[in-house]
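Visitor: I should like to learn how the features of a protein model are read. Could we take them one at a time?

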Amino acid sequence: MKRIGVLTSGGDAPGMNAAIRAVVRTCIQNEMSVIGFKRGYNGLLMRSENEHEDFEILTTRSVSDKIHRGGTFLMTARCLDFKEERFQMQAVRNLKMLGVEGLVCIGGDGTYKGAEALNRLGIPTIGIPGTIDNDLAYTDYTIGFDTALNTACECINKVRETSDSHERVSLITVMGRNCGDIALHTAFACGAELFMVPEIPWSIEDIAERVKWGVMRGKRSMIIVFAEGALQSLTSDIPALCKEHPDLKDISVHHISSSQVAMIIEHLSGQETRATVLGYIQRGGSPSAQDRILASRLGARAAELLRDDQGGLAVGIRGNKIIEVPLSEVQNGTHAADTELSQLINVMAVMTKS
């Protein structure tokens, strides 16, 4: 191939810029040109009045001073229209008009679905895992996960100090959608006493009981890390619980929030409990060294695959080795929580009766 495209789609992740940089510089080293498409798959549809709003030719200078910057300078967005084949066909026509022979798509599962569709329609594509959630089963780590983890740890360290001063429990909600990796790794790294993730069943009654035992063991404060998708694995009967405890009558049983979970824990344990949601701060900031290295390795490999006329693949890392798997297989298997890590958290926290 002589010309390829690159885009970032879906939620942004620290390290995306480093991946784009690696794609561009590897291509130029191999006498290939690169077009950067803006706002994900929206750029391929070229709907803007000014073409410079949709795409630009990328050079070595275009990606200079980018490796340490968070976000994505190509910008990112979701494109619901791209789920329809007629829009996919339009994108193929636009790519061919520009002489683009292959495409690197950086993002998560939704991005990969778009890449797979384009590959099926004759545009060889390579997927690079760019999502803080670390929810792609085929790869050990995704770009942005390590940075998000470090950000969450830094924030929780600060919450721990005020929690200790007020002798209270702090329930901290971290991102991750349906994957509990950020929560699990953050809990372990921060020495959290408890955690709730989508992959492991839990009950509010058990959490409250363990908080009680923590207080009896002399803990002045406690940290509970709560994955944003953790309610999926909640086993408690909330309506019955609220009926049993009149003080919980104001709880919205159909739309439970982390603040309400904290209220229930406080009521059942007798220990003051406050909720904090970290939110989008986890997506921002300069990527960690690990994310910069991972992004650069994956970006370079993606460019090499297209150089060799290979497509329909996603690059990833397993055991520190770069791997490639078919896009159709990226979600084969179930993403499971690290049981060894979850058991170690319980051992280190000493939050049981024994």
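Guide: Let us begin with a definition: contact means heavy atoms within 4.5 Å. The model shown here is predicted. In it, helix 7 (residues 204–216) lies across strand 6, strand 7 and strand 8 (222–227), and runs at about 160° to strand 8. Helix 9 (residues 258–269) also packs on the sheet, where it touches strand 6, strand 7, strand 8 and strand 9. The direction of helix 9 makes about 165° with that of strand 9.

Visitor: In what order do the four strands of the open sheet lie, and is the pairing parallel or antiparallel?

Guide: In general, strands of a sheet pair through backbone hydrogen bonds, in either a parallel or an antiparallel manner. Here the order is 7-8-6-9, and the pairing is parallel. Strand 7 (194–196) and strand 9 (273–277) form the edges, each pairing on one side only. From one strand to the next, the twist averages 20°.

Visitor: How many bridges join strand 6 to strand 9?

Guide: Five bridges join strand 9 to strand 6 (residues 169–174). Within this pairing, Ile172 has Thr276 of strand 9 as its bridge partner.

Visitor: How should one read a recorded site, and where does UniProt place the feature "binding site"?

Guide: Such annotations may be inferred rather than shown by experiment. The unreviewed UniProt entry places this feature at Gly11, Arg78, Cys79, Gly108, Asp109, Gly110 and Thr111. These residues span 101 residues in sequence, yet no two of their C-alpha atoms are more than 13.4 Å apart, so they gather at one spot. The lining of the largest pocket includes Gly11, Arg78, Cys79, Gly108, Asp109, Gly110 and Thr111.

Visitor: Where is Gly11 found, and where does Thr111 lie?

Guide: Gly11 is in the loop between strand 1 (3–8) and helix 1 (16–29). Apart from its neighbours within four places in sequence, Gly11 is in contact with Met16, Arg78, Gly130 and Arg283. Thr111 belongs to helix 4 (residues 109–120) and is buried, with a relative accessible area of 3%. With neighbours within four places in sequence again left aside, Thr111 is in contact with Ser9, Gly10, Tyr41, Cys105 and Ile106.

Visitor: Why is there no disulfide bond between Cys190 and Cys153?

Guide: A disulfide requires a pair of cysteine sulfur atoms within 2.5 Å. The closest cysteine sulfur to that of Cys190 is in Cys153, at 3.6 Å, which is too far for a bond. A search of the whole structure finds zero disulfides.

Visitor: Is Cys190 buried or exposed?

Guide: Buried means under 20% relative accessible area. Cys190, at 13% relative accessibility, therefore counts as buried, and Cys242 counts as buried at 10%.

Key
Residues numbered from 1 in each chain as written. Predicted model: local features only at pLDDT ≥ 70, side-chain atom pairs only at ≥ 80, totals over all residues. Heavy atoms only, no water. Buried < 20%, exposed > 50% of the residue type's maximum accessible area, 1.4 Å probe, protein only. Pairing = 2+ DSSP bridges. Helix = DSSP H or I, 4+ residues; strand = E, 2+ residues; numbered from the N terminus. Axes fitted to C-alpha atoms, helices over the stretch in contact; angles between N-to-C directions. 1 Å grid on protein atoms, 1.4 Å probe; cavity = no way out; pocket = protein on both sides within 12 Å on 5 of 7 lines; lining within 4 Å.
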